[in-house]
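Please open the structure in your viewer and keep the sequence panel visible. The tour proceeds by selection, and each stop states what is to be found there.

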Amino acid sequence: MTGDQLKLRVAAIQDIAPTLRLVRFENADAGPLPPSATGAHLQVVLQAPDKQIRNAYSLISKPGSRDVYEIIVRRVPASRGGSAYIHEQLKTGDLLTTSWPGNLFAPQRSARKHIMIAGGIGITPFLSYVADFANKGIDYELHLCCREEEKDSFAPWLPEPDKVFMHWDADGHRLDIPALLLRQPANTHLYVCGPDFLTDDVLEAAEAGGWPDNHVHCERFGSALSGGEAFRAVLQRSGKQIEVGEHESLLEAIEREGVEVPCLCRGGACGVCLTSVLDGEPQHRDHYLSKTERASGKHIMPCVSRARGGGLLVLDL
Amino acid sequence: MNTTTCDAGHRSELNDRTAPPSMRSRPTYASLSPDMAGREHLLVIEADALQPGQASALSNSFTAIAGALRTVVSGSDLPVPGASVQPDLAATLLAVKARLSGATMQQRVYAIGSEPFIWSIHTAAIEAGLDERQIRLCHSGSLKRRVWCTHCHDTTENVTTNIVACAGCGRHLLVRDHFSRRLGAFMGVQIDAEVPGEVPTTEEVFP
């Protein structure tokens, strides 16, 4: 349902840790909310004073819940405005526009066992997983790598604490990823969500550990990918020239100019925002285009990718 | 027996094992080599499908992972050190299932033999939770086929002819190249459905 929008009201806000804020939404229109599946996310439009910000957040409310949606947002120091807005300005009763729930990170139903590895706030998609798995009696292990003081913050969403393993950066508490991956039964599926260095470590360990790649799944943080050197883009059909700042994505700059681009994940994974490049050299940062497609330079995913070396991009928009 | 290695083939349109298949579902095979990403390896050999000398060549190509390799030989004995020898396919499947109970993501399975044999091993490995990417198959020996009847859903084993009477319903089935990986069998469809009794000459095409 790309493009369809919801009008939601902030029903409650709760700080569950100094930098973690839970936001509960209810439908501002009449009737139940659209159902959301395990692993789904919501794209939230935040109207900051100077600009509009769209961020994708995993839904942590129980899968299938139609009365409320819940997200947990981490306040990040290098915020592009989204997390700061939610932590500083959002209040109960506010009305927000969001997408319908989308899902690019659904669990594999044929798996015998699920191993989830989360880095910090990367636990959020897995909170809906564990609710679902516990309910159905599905075998899993959740490994959370986080700061020691945050290891209990997510306890209310963890129905089976014996299946959850906390790791932090101290001797005897770090996660030994290769060892974990070596003792899993056939038809285990592996999921990772967290910062790039963790995701890359897990993907490398899985490959070295003989895991077939179709059993390994990751969801990367979009925000880590969106900034970079400032550059200029020409939107050929719209006849517009835009400046893309170093703290915003190409997609955000295009939206700021009022040009619509269909999009879903805003993290370079889904392929919905695929745009034709008429001139200029893209610096690809997505996980969607194939190597050949990247090399051809004919397309770009504006949600994460930019112009190489701050050069000019001419887009078919 | 037309083959000396699993790459050599009987070069007819129907029987070529390595040429691009005329039908997408028709499997093609490469010679067996160990998947170095694996940590535990199981090699299953149909003894009768191998040429003299092929068993030791196979052992040689697996020397790099010999320490982590278990071998099951089905049928007669072969000069493969440390192999568990099983008298027939049924016993072989039991041995394979026992070996794969408790298999990990690092398990790899290799099978060499006729297509009914290797696809029986494939099915056992899938049932044990392995992914297709953890299994390597190589066709060697007879071209005989397992045929699945699209009418009664029964299977007919050891088919070497282009037309066969179904073991389940007795219909005369045309043996097609259309292959089911799930069933490990080729599709058989009634050849005289339009004009009952009009059955072309049966020829041995899968010796």
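## First stop: a salt bridge in chain B

Select Glu132(B) and Arg181(B): their side chains form a salt bridge, with N and O 2.6 Å apart. The model is a predicted one, and the distances along this tour should be read accordingly.

To place this pair, colour chain B by its domain assignment, which gives domain 1 as 40–139 and domain 2 as 145–190. Seven residues of domain 1 of chain B and eight residues of domain 2 of chain B take part in the contact. The centres of the two domains, taken over C-alpha atoms, are separated by 25 Å. Between domain 1 and domain 2 of chain B, the count is one salt bridge. Three residue pairs are also found in polar contact across this interface, both residues of each pair being at pLDDT 80 or more.

Next, display the surface between the domains. About 630 Å² is buried between domain 1 and domain 2 of chain B, and carbon and sulfur atoms give 51% of that area. Now select Glu115(B), Pro116(B) and Trp119(B), which together supply 69% of the area that domain 1 buries against domain 2 in chain B, more than any other three residues.

## Second stop: Ser114(B)

Move to Ser114(B), in the loop between strand 4 (107–113) and helix 3 (115–127) of chain B. Is Ser114(B) buried or exposed? Its relative accessible area is 2%, so Ser114(B) counts as buried, the limit for that class being under 20%.

To see what surrounds this residue, select its contacts, leaving aside neighbours within four places in sequence. Ser114(B) then touches Glu46(B) and Ala49(B), together with His139(B), Ser140(B), Ser142(B) and Lys144(B).

## Third stop: chain B as a whole

Switch to a cartoon view of chain B, which has three helices and 10 strands. Followed along the sequence, these elements of chain B run β-α-β-β-α-β-α-β-β-β-β-β-β. Chain B has 207 residues, of which 48% count as buried. Among its contacts between residues at least 6 apart in sequence, 65% join residues at least 24 apart. With the surface of chain B shown, about 9,600 Å² is exposed, and carbon and sulfur atoms supply 51% of that area.

## Fourth stop: where chain A meets chain B

Display both chains and select Asp213(A) with Arg133(B). These two residues form a salt bridge, their closest N and O atoms lying 2.2 Å apart. Between chain A and chain B the count is one salt bridge, and 10 residue pairs are in polar contact, with both residues at pLDDT 80 or more. On the side of chain A that touches chain B, the elements giving two or more residues are helix 3 (177–182) and helix 4 (196–208) of chain A.

Widen the selection to the whole interface: 17 residues of chain A and 14 residues of chain B make the contact. The area buried between the two chains is about 1,200 Å², with carbon and sulfur atoms giving 48%.

## Last stop: Arg285(A)

Finally, select Arg285(A), in the loop between strand 15 (282–283) and helix 7 (291–296) of chain A. Arg285(A) has a relative accessible area of 22% and is therefore partly exposed. Add Gly81(A) to the selection: Arg285(A) and Gly81(A) are 204 residues apart in sequence, and their C-alpha atoms are 21 Å apart in space.

Methods. Residues numbered from 1 in each chain as written. Chains lettered and ligands numbered in written order. Predicted model: local features only at pLDDT ≥ 70, side-chain atom pairs only at ≥ 80, totals over all residues. Heavy atoms only, no water. Helix = DSSP H or I, 4+ residues; strand = E, 2+ residues; numbered from the N terminus. Buried < 20%, exposed > 50% of the residue type's maximum accessible area, 1.4 Å probe, protein only. Contact = heavy atoms within 4.5 Å. Areas by Shrake-Rupley, 256 points an atom, 1.4 Å probe, with all protein chains shown as cover. Domains from an automatic or database assignment. Buried area = accessible area lost by both parts, 1.4 Å probe. Salt bridge = Lys/Arg side-chain N within 4 Å of Asp/Glu carboxyl O. Polar contact = N/O pair within 3.5 Å; in protein donor to acceptor, adjacent residues only side chain to side chain.
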